[in-house]
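Me: Please take me through one part of this model in detail. I want the local geometry and the contacts, with the cut-offs stated.

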Amino acid sequence: MPLDLYYTSSCAHCRSVMLTAKALELELNLKRVDLCMKEQLQPDFLELNPQHCVPTLVDDGFVLWDSRAICTYLVSKYGKDDSLCPKELRTRAMLDRLLYFDIDKLVQRFGKYVYPVLFEGQEPDKDQLPCIDEALGCLDQFLTGQIGAVSPKITIADHILVATVSTIEAVGIDFTRHKNLCNWLRKCKSNIPGYTEINEPGAREAGEIFKEKLASKETEVDKA
Ligand SMILES: N[C@@H](CCC(=O)N[C@@H](CS)C(=O)NCC(=O)O)C(=O)O
């Protein structure tokens with residue numbers, strides 16, 4: 001039975017699920033949802049997911065949304081072992097901490113910077129940049145040199161964080177001063193199966209959309 005994944009490639013949360021599915025060698029039946037056309041608000045999709053967000057997974061009639069829940073579900077159901085989501089208590093606790101850190105700090109602060117530009121036609125709030133940098137600095141301290149963020153192997157924490165961090169990079173936020181972070185990102189890019197096909201184009205697309213919105217705003221300001 002194929003797994004349906006409703007997705008948008010510019011969305012980091014969708015890409016993290018796709019990276020986990022790739023690591024598990026799962027075939028996904030990809031169903032693109034055009035958020036610009038508000039397809040997520042169409043009755044059919046609302047019936048499936050009243051919270052109208054992507055990624056949304058349908059596995060043999062079981063509907064699940066929220067990328068972190070989907071990644072852990074896929075590993076629990078389809079993983080041959082626990083390497084992608086270790087069961088060892090402390091490793092699992094550190095992994096969970098990173099998943100919460102990603103959504104609670106990194107995504108939230110990054111959102112405050114990009115969403116006004118993307119959805120409200122506003123200038124970016126440059127005051128958010130030090131907050132994003134501080135969150136990236138915290139992440140830098142978590143990353144101690146091994147390939148994975150919490151274990152010597154790649155886990156779903158890496159899938160989730162790499163999707164966010166590569167999108168932050170793609171919109172042009174400089175974090176080169178965070179050396180552990182840059183080393184980890186470089187290793188993820190060359191070690192995560194499917195990184196180049198799955199994550200890179202979507203992150204690039206997100207960066208381009210942001211930069212285009214920014215450029216059109218600047219032209220507007222110049223004309224005024
Ligand atoms: N916590 C959710 C966030 C999902 C989310 O915010 N998705 C956005 C796209 S990146 C979305 O679907 N927005 C459309 C909407 O909410 O109507 C996850 O990790 O899956």
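A close look at domain 1 follows.

Reply: This is a predicted model: local features need pLDDT of at least 70, side-chain atom pairs count only at pLDDT 80 or more, and totals for chains, interfaces and linings use all residues. Residue numbers start from 1 along each chain, as its sequence is written.

The domain assignment gives domain 1 (3-78) and domain 2 (89-223). These bounds come from an automatic or database domain assignment.

Start with the sheet. Four strands form an open, mixed sheet in the order 2-1-3-4. Strands (E, at least two residues) and helices (H or I, at least four) are DSSP runs, numbered from the N terminus. Two strands count as paired if DSSP finds at least two bridges between them. Strand 2 (28-32) and strand 4 (62-65) each have a single partner strand, so one side of each is left without a neighbour in the sheet. From one strand to the next, the twist averages 20°.

Now follow strand 3. Strand 1 (residues 3-7) and strand 3 (residues 56-59) run antiparallel, joined by four bridges. Here Leu5 stands opposite Leu57. Strand 3 also runs antiparallel to strand 4, again with four bridges. On that side, Leu57 faces Leu64 of strand 4. The hairpin of strand 3 and strand 4 has two residues between the strands. Asp60 lies in this loop. Asp60 is not a glycine, yet its phi is positive, at about 50°.

The other backbone exception precedes strand 3. Val54 and Pro55 are joined by a cis peptide bond, with omega about 0°. Pro55 sits in the loop between helix 2 (43-48) and strand 3. Most residues other than glycine have a negative phi, and most peptide bonds are trans.

Val54 and Pro55 are also among the residues around the ligand. The others are Cys11, His13, Leu35, Gln40, His52, Cys53, Asp66, Ser67, Arg68 and Ile103. A residue is included if its C-beta atom, placed from the backbone, lies within 6 Å of the ligand. The shell divides into six nonpolar, four polar and two charged residues. Ala, Val, Leu, Ile, Met, Phe, Trp, Tyr, Cys and Pro count as nonpolar; Asp, Glu, Lys and Arg as charged; the others, Gly among them, as polar.

Turn to the contact with domain 2. The domain centres, taken over C-alpha atoms, are 20 Å apart. The contact takes 15 residues from domain 1 and 17 from domain 2. Contact requires C-beta atoms, placed from the backbone, within 7 Å. On the side of domain 1, helix 1 and helix 3 (67-78) are the elements that give two or more residues. Helix 1 gives the most, with eight. This side divides into six nonpolar, six polar and three charged residues.

Finally, helix 1 itself. Helix 1 (residues 12-23) packs on helix 6 (residues 156-170) at about 145°, with the axes 8 Å apart. Axes are lines fitted to C-alpha atoms, for helices over the stretch in contact, and angles run from 0 to 180 degrees between N-to-C directions. The crossing is right-handed. That is, the near helix is turned clockwise from the far one by less than a right angle. Ala12, Arg15, Ser16, Leu19 and Thr20 in helix 1 meet Ile156, His159, Ile160, Ala163, Thr164 and Thr167 in helix 6. Five of the residues in this contact are nonpolar, five polar and one charged.

Key: Two residues are in contact if their C-beta atoms, placed from the backbone, lie within 7 Å.
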